Amino acid sequence: ISETFEYKSEFGEDILHYPRDVKLYKDNIFILDESNPCLHIFNKDLVLQKSVVTRGEGQQVVNPWFFCIDKFGSILIPDNMTNSILILSSEFEFIHKISVPNNPMGITMDKEDRVIVVCEAANNCLQIF
């Protein structure tokens, strides 16, 4: 990375409303948008490929801030309003919703495929699953 950054371009202003997090995975750009809430997937040419609404029967996410993608392409989205983590397959199908105490916010995975969650309530802690 150079010492200075050069502005290249911007995109998504007509699609994104309140973007919270961004990840790169297999030449695609994944952007979590809190206001809908949904996950937008853009290709490397910055063309929208798909928008996945994260609300529906049994899979509602109210207040997502961050997400992670595991080595299989599954998407994990914590929600501090429902104290849960929504898990979607690499094909964006609902897999499972896990209850997590203490307002989960940030999320990542380590090299051993353990899920690490930052929780803001109670004792402001990290939880490892």
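Ile-75 sits across from Leu-88 of strand 7, in a predicted model. That pairing belongs to a run of 5 bridges that joins strand 6 (residues 75–79) to strand 7 in the antiparallel sense. Zoom out and you get a chain with 0 helices and 11 strands, so expect sheets and hairpins below.

**The sheet around strands 5 to 8**

- Strands 6 and 7 are part of an open sheet of 4 strands, ordered 5-6-7-8, with antiparallel pairing.
- Strand 5 and strand 8 are the edges here; each has a single partner strand, so one side of each has no neighbour in the sheet.
- Between strand 7 (84–88) and strand 8 (94–99) there's a loop, and Phe-92 is in it.
- Phe-92 is worth a look in a Ramachandran plot: its phi is near 70°, a positive value in a residue other than glycine.

**The sheet around strands 1 to 4**

- Another open sheet has 4 strands in the order 1-2-3-4, again with antiparallel pairing.
- Its edge strands are strand 1 (19–25) and strand 4 (48–53), each of which pairs on one side only.
- From one strand to the next, the twist averages 20°.

**Strands 1 and 2**

- Strand 1 and strand 2 (residues 28–33) run antiparallel and are joined by 6 bridges.
- Within this pair, Lys-23 faces Phe-30 of strand 2.
- The hairpin they make has 2 residues between the strands, and Lys-26 there takes a positive phi near 50°.
- Asp-27 also lies in the loop between strand 1 and strand 2, and its phi is near 65°, positive although the residue isn't glycine.
- Is Asp-27 buried or exposed? Its relative accessible area is 60%, so Asp-27 counts as exposed, the cut-off being over 50%.

**Strands 3 and 4**

- Strand 3 (residues 38–42) and strand 4 run antiparallel, with 5 bridges between them.
- Two of the facing pairs can be named: Cys-38 is opposite Val-53 in strand 4, and Ile-41 is opposite Lys-50 in strand 4.
- These strands also form a hairpin, this one with 5 residues between them.
- In that turn, Leu-46 has a positive phi of about 65°.

**Cysteines**

- How many disulfides does the model have? The count is 0, where a pair of cysteine sulfur atoms would have to be within 2.5 Å to qualify.
- Cys-38, the residue facing Val-53, is buried, with a relative accessible area of 3%.
- Cys-68 is buried as well, at 5% relative accessible area.

**Gly-106 and its surroundings**

- Gly-106 belongs to strand 9 (residues 104–109).
- With a relative accessible area of 12%, Gly-106 is buried, because the cut-off is under 20%.
- What does Gly-106 touch, leaving aside residues up to four places away in sequence? Its contacts are Phe-66, Pro-78, Ile-116, Val-117 and Val-118.
- One of those, Pro-78, falls within the residue range of strand 6, 75–79.
- Leu-126 is 20 residues away from Gly-106 in sequence, and their C-alpha atoms are 9.3 Å apart.

**The chain as a whole**

- Read along the sequence, the pattern is simply β-β-β-β-β-β-β-β-β-β-β.
- Of the 129 residues in the chain, 41% are buried.
- Taking contacts with a separation of 6 or more, 29% are between residues 24 or more positions apart.
- The accessible surface comes to about 8,000 Å², and carbon and sulfur atoms account for 52% of that.

**How far to trust it**

- The mean pLDDT of the chain is 84, with 89% of its residues at 70 or more.
- Where is confidence lowest, and where is it highest? The low is in strand 11 (residues 125–128), at a mean of 78, and the high is in strand 5 (residues 68–69), at 95.
- Leu-126, the residue set against Gly-106 above, falls within the range of strand 11.
- As a rule, where pLDDT is low, the predicted coordinates shouldn't be read in detail.

How values were computed: Residues numbered from 1 in each chain as written. Predicted model: local features only at pLDDT ≥ 70, side-chain atom pairs only at ≥ 80, totals over all residues. Heavy atoms only, no water. Pairing = 2+ DSSP bridges. Axes fitted to C-alpha atoms, helices over the stretch in contact; angles between N-to-C directions. Buried < 20%, exposed > 50% of the residue type's maximum accessible area, 1.4 Å probe, protein only. Contact = heavy atoms within 4.5 Å. Areas by Shrake-Rupley, 256 points an atom, 1.4 Å probe, with all protein chains shown as cover. pLDDT = per-residue confidence, 0-100.
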